[in-house]
Amino acid sequence: MKIFDAHCDVLYKMWLDPTISFSDSTKLHITYEQLKATGSKVQCFAIYIPEIVRPESRFEVALEMVEIFYNKVLATSPFLKLVKSRDDINALKDHEIGALLTLEGCDAVGQSLVRLQTLIRLGVSSVGLTWNNANDVADGILELRGGGLTTFGKEVVKELNKSMLWTDVSHLSVAGFWDVMELADHPIASHSNAISLCNHRRNLQDEQIKTLIKKDGMIGITFVPPFLTNQGEAKITDVLNHLDYVCSLGGEYHVGFGSDFDGITETVNGLSRYNDYQALINELQKHYSENQVQRFLFTNFIEHLPM
């Protein structure tokens, strides 16, 4: 089956360790060989700037990750192709895989729309406004102040609307989330789960999930163990529980997966690498029709691409 994975941190890991090869490194959860072997059709690659990077260097680091994406991921993977739209994905040949570039947090942008526009021209097709803490756009979910969008943040969302890109609310403060719901044309939560099942601040409240659905947005169920369960070891059944829950709120056509592979150290039992998507597929097929399974794995995200 075709797979669309809405979030991974391969670029960050390769930036930290320049010796890593995307082809088949055992240091990565996602590799080119695994994508080919396991049915990947679209993989999103996030640009994530760690907080250890000084503010004046963050845009340069973002550009370094863009270079890694083009020169060490795309250029070394013969059947991996840059995609930015539904048409690009539909044009992929059977043996080709789409690579979609995203931005996780606008820390690299500072207060410059030109920097954001530059990253968009370089291929970014989805923009997460924050990571966990505050930046010039908004507060992240772990910022105790809990503020919403700044004046500049509202300009950023309007720019994303103009460019017909996804506005990603994963990691965003609750107040920021509601500000985005007022402004964004194409909101998603690329890697977030349901707080009703697992009480973690990074997860979404029921009303947030329902509002994303009403806004025709998407929610990517993520494989981060602390976001899946508060009851010991996370298992594949916990992933299905969150999927089930979003469906129960009306989200059958608005839910997919955003693994967060390579952004996590702890993994789900039985779902520790991209190859293990097959184990998830096997479990999904026990509970859902083939059409539903393909919808969760691929079709829902594709149908909600703005372009």
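The following exchange sets values from a predicted model against the definitions behind the terms used.

User: What makes a residue or an atom pair count in this predicted model?

Analyst: Local features need pLDDT of at least 70 and side-chain atom pairs count only at pLDDT 80 or more, while totals for chains, interfaces and linings use all residues of the predicted model. Residues are numbered from 1 along each chain as its sequence is written, and side-chain values use heavy atoms, with hydrogens and water left out.

User: Why are helix 3 and helix 5 called roughly parallel?

Analyst: Helices (H or I, at least four residues) and strands (E, at least two) are DSSP runs, numbered from the N terminus. Axes are lines fitted to C-alpha atoms, for helices over the stretch in contact, and angles run from 0 to 180 degrees between N-to-C directions. Angles under 35 degrees count as roughly parallel, over 145 as roughly antiparallel, 65 to 115 as roughly perpendicular and the rest as oblique. The axes of helix 3 (residues 58-74) and helix 5 (residues 113-121) cross at roughly 5° and come within 11 Å. Helix 3 and helix 5 are therefore roughly parallel to each other.

User: Which residues of helix 3 and helix 5 meet?

Analyst: With contact meaning heavy atoms within 4.5 Å, Phe59, Ala62, Leu63 and Val66 in helix 3 meet Arg115, Thr118 and Leu119 in helix 5. This contact divides into five nonpolar residues, one polar and one charged. Here Ala, Val, Leu, Ile, Met, Phe, Trp, Tyr, Cys and Pro count as nonpolar, Asp, Glu, Lys and Arg as charged, and the others, Gly among them, as polar.

User: How do you know that the reach of helix 6 is close to the expected one?

Analyst: The expected span is 1.5 Å times one less than the number of residues. Helix 6 (residues 151-163) has 13 residues, for which 18 Å is expected, and reaches 19 Å from its first C-alpha to its last. After helix 6 comes Met164, with a positive phi near 55°.

User: What makes Arg54 and Glu56 a salt bridge, and are these residues buried or exposed?

Analyst: A salt bridge is a side-chain nitrogen of Lys or Arg within 4 Å of a carboxyl oxygen of Asp or Glu. The closest N and O atoms of Arg54 and Glu56 are 3.5 Å apart, and the pair forms a salt bridge. Buried means under 20% relative accessible area, exposed over 50%, partly exposed in between (1.4 Å probe, protein chains only). Arg54 has a relative accessible area of 55%, so Arg54 is exposed. Glu56, at 55%, also counts as exposed.

User: How many salt bridges does this rule give, and which one links distant parts of the chain?

Analyst: The count comes to eight salt bridges. One of them joins the side chains of Lys13 and Asp262 at 3.0 Å, N to O. Lys13 lies in helix 1 (residues 10-16) and Asp262 in the loop between strand 9 (255-257) and helix 11 (277-285), 249 residues apart. Both Lys13 and Asp262 are buried.

User: Why is Glu303 called partly exposed, and what is said of Arg295?

Analyst: Glu303 has a relative accessible area of 44%, so Glu303 is partly exposed. Arg295 is at 12% and therefore counts as buried. Glu303 and Arg295 form a salt bridge, with the closest N and O atoms 3.1 Å apart.

User: Why is Ile188 called buried?

Analyst: The relative accessibility of Ile188 is 2%, so Ile188 counts as buried. Ile188 is in strand 7 (residues 187-189) and touches residues including Trp166, Leu212 and Met218.

Notes. Lists of a residue's contacts leave out its neighbours within four places in sequence.
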